[in-house]
Amino acid sequence: MATEVNGDAAAEGTGLVFHPMDQFIVKPLFGGDVVAWYTVTNVTLWMGITVLAIFALLVLGTSKRAVIPSRTQSVGELAYGFIYKMIEDVAGKDGIKYFPYIMTLFMFIVFSNFLGLLPMAFTTTSHIAVTGGLAVAVFLSVTVIGFYKHGFGFLNIFWIAQAPLILRPILALIEVISYFVRPLSHSIRLAGNMMAGHAVIKVFAAFAAVLAISPFSIIAITAMYALEVLVAFIQAYVFAILTCVYLKDALHPHH
Amino acid sequence: MTTETEEALGEGLADVIGVAAHQPTESVSLPQIDFSSFPNQIFWLVITLVAIFFILSRVALPRIAAVLAERQGIITNDIAAAQDLKQKAVEAEEAYEKALLDARADANRIVAEAKAEIQAELDVAIAKADAEIAAKAAEGEKAIAVIRESAMDSVKDVAKDAAKEIVAVLGGKADAKAVTAAVTARMKG
């Protein structure tokens, strides 16, 4: 019997049950199959929910402007202080100017990640289109800021003055490559983490349909979920802090 | 039969996880690299980011900054006020200590004054008493002298009488004048 069930599951695994990636499909919300650039899709829905959640936390939560904060307000203040201090520590005092931008990035990513962990949710940050958009925006802004502030002096970040002269061209080549790989790693790190975690949970969920292994499957889902909660925050943090590091390079290109 | 049940279960599960059960195989590939959805995602991403940015930069961040600044101000003020009160407390303590010292000094002075006054009064009283005692003593001495005088006279009388009697007993006739002279002479000697 058990063998039969397993055999069936395996047979179905190839056909029906294992669709761990289907959760990532972009679908129009109101019927139709065509996803045009303006179509209202599940992406729209979950990004809208993200905006509402951020609004609830940072605007409604702080509406009392209490000196002794409520719980929601202190969470909002915590997020504010967290990013503010991160920019100050990593990018320096002159990075504070870009605080609203980095705060926007961080809040969007952290809320998308956490909302994506809700059952039936669509994780917008699991798509390289989204994370790539963010990363390219960061890359372009940082490059523009660098050239705007320092002109061609910005190219100093590729020319490491402390290194022996012979090594400098080689290092410069490496630095240039690493600079242009930044948006790639920046975006794929986030999307990959999100996608992998959700896909793995979905795979375990598929196994839960098989009676014999469903307890293990459920335990595995729980463990993965706990890990994903951690990852959801850490990836948002990593994205924000890397943005700060890139910003620091743009503001202070002399190592 | 079993296969049918499993199939139904699979379909049910697929429904639950939001997946159309019978999908063409080509869409099973990674939705992330389905470039046809990119414009849509990027369009909504831009709108979302702009919305979040305006919510944050126009409302949320200035408000939180104001709250934090206000709290910081209140804390600073409170600390300053506490410092003030502490300073005042220290001053009050110092004033108290000073008052205590003054009071102690005053008390000592008053005690010394009182002592001196009492001493003076005492001295006066002692002197007076001494004088009185001396006067009384002088009076007593005088009285004693008078008594001694009268006693001497009595002794003279007794001696005269005794001499007359002795002379009479011896058979002589006592001459009063001679006896008195003799007694007086003896008594001087």
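User: Where does B:I52 lie, and why is this residue called buried or exposed?

Analyst: In this predicted model, B:I52 is placed in helix 2 of chain B, which covers residues 38-169. The relative accessibility of B:I52 is 0%. Buried means under 20%, so B:I52 counts as buried.

User: Which residues does B:I52 touch?

Analyst: Leaving out residues up to four places away in sequence, B:I52 touches A:V51, A:I54, A:T104 and A:F108. Contact here means heavy atoms within 4.5 Å.

User: What makes A:N42 count as buried or exposed, and what is in contact with this residue?

Analyst: A:N42 belongs to helix 2 of chain A. Its relative accessible area is 8%, and the limit for buried is under 20%; A:N42 is therefore buried. Apart from neighbours within four places in sequence, A:N42 is in contact with A:I25, A:V26, A:K27, A:L29 and A:F122.

User: What is notable about the phi of A:R65, and why is the residue called partly exposed?

Analyst: A:R65 is not a glycine, yet its phi is positive, at about 50°. Most residues other than glycine have a negative phi. The residue sits in the loop between helix 2 (42-60) and helix 3 (71-90) of chain A. Its relative accessible area is 44%. Partly exposed covers what lies between buried, under 20%, and exposed, over 50%, so A:R65 is partly exposed.

User: What is the phi of A:M120, and how do you know whether this residue is buried or exposed?

Analyst: A:M120, also a residue other than glycine, has a positive phi near 70°. A:M120 is found in the loop between helix 4 (99-116) and helix 5 (128-150) of chain A. Its relative accessibility is 62%; exposed means over 50%, and A:M120 therefore counts as exposed.

User: How many aromatic pairs are there, and what makes the pair of A:F106 and A:F233 edge-to-face?

Analyst: Over all chains, the whole structure holds 21 aromatic pairs. In the pair of A:F106 and A:F233, the distance is 6.3 Å centre to centre and the angle between the planes is 90°. Rings pair if their centres lie within 6.5 Å, and planes over 60 degrees apart count as edge-to-face. The pair of A:F106 and A:F233 is accordingly edge-to-face.

User: Why does this pair tie together parts that are apart in sequence?

Analyst: A:F106 lies in helix 4 of chain A and A:F233 in helix 7 (residues 214-251) of chain A, so the pair ties together parts 127 residues apart in sequence. A:F106 counts as buried because its relative accessibility is 4%, whereas A:F233 is partly exposed at 33%.

User: What makes the pair of A:F154 and A:Y179 edge-to-face?

Analyst: The ring centres of A:F154 and A:Y179 are 6.2 Å apart and the planes stand at 75°, so the pair is edge-to-face. A:F154 is in the loop between helix 5 and helix 6 (167-207) of chain A and A:Y179 is in helix 6 of chain A, so the pair ties together parts 25 residues apart in sequence. Both A:F154 and A:Y179 are buried. They belong to one aromatic cluster, which also includes A:F139, A:F147, A:F152, A:F158 and A:F180.

User: Which helices and strands does chain A have, and what percentage of its residues count as buried?

Analyst: Chain A has seven helices and zero strands, following the pattern α-α-α-α-α-α-α along the sequence. Of its 255 residues, 50% count as buried.

Key. Residues are numbered from 1 along each chain as its sequence is written. Chains are lettered from A and ligands numbered from 1 in the order in which they are written. This is a predicted model: local features need pLDDT of at least 70, side-chain atom pairs count only at pLDDT 80 or more; totals for chains, interfaces and linings use all residues. Side-chain values use heavy atoms; hydrogens and water are left out. Helices (H or I, at least four residues) and strands (E, at least two) are DSSP runs, numbered from the N terminus. Buried means under 20% relative accessible area, exposed over 50%, partly exposed in between (1.4 Å probe, protein chains only). Rings of Phe, Tyr and Trp (its six-membered ring) pair if their centres lie within 6.5 Å; planes under 30 degrees apart count as stacked, over 60 as edge-to-face and the rest as tilted.
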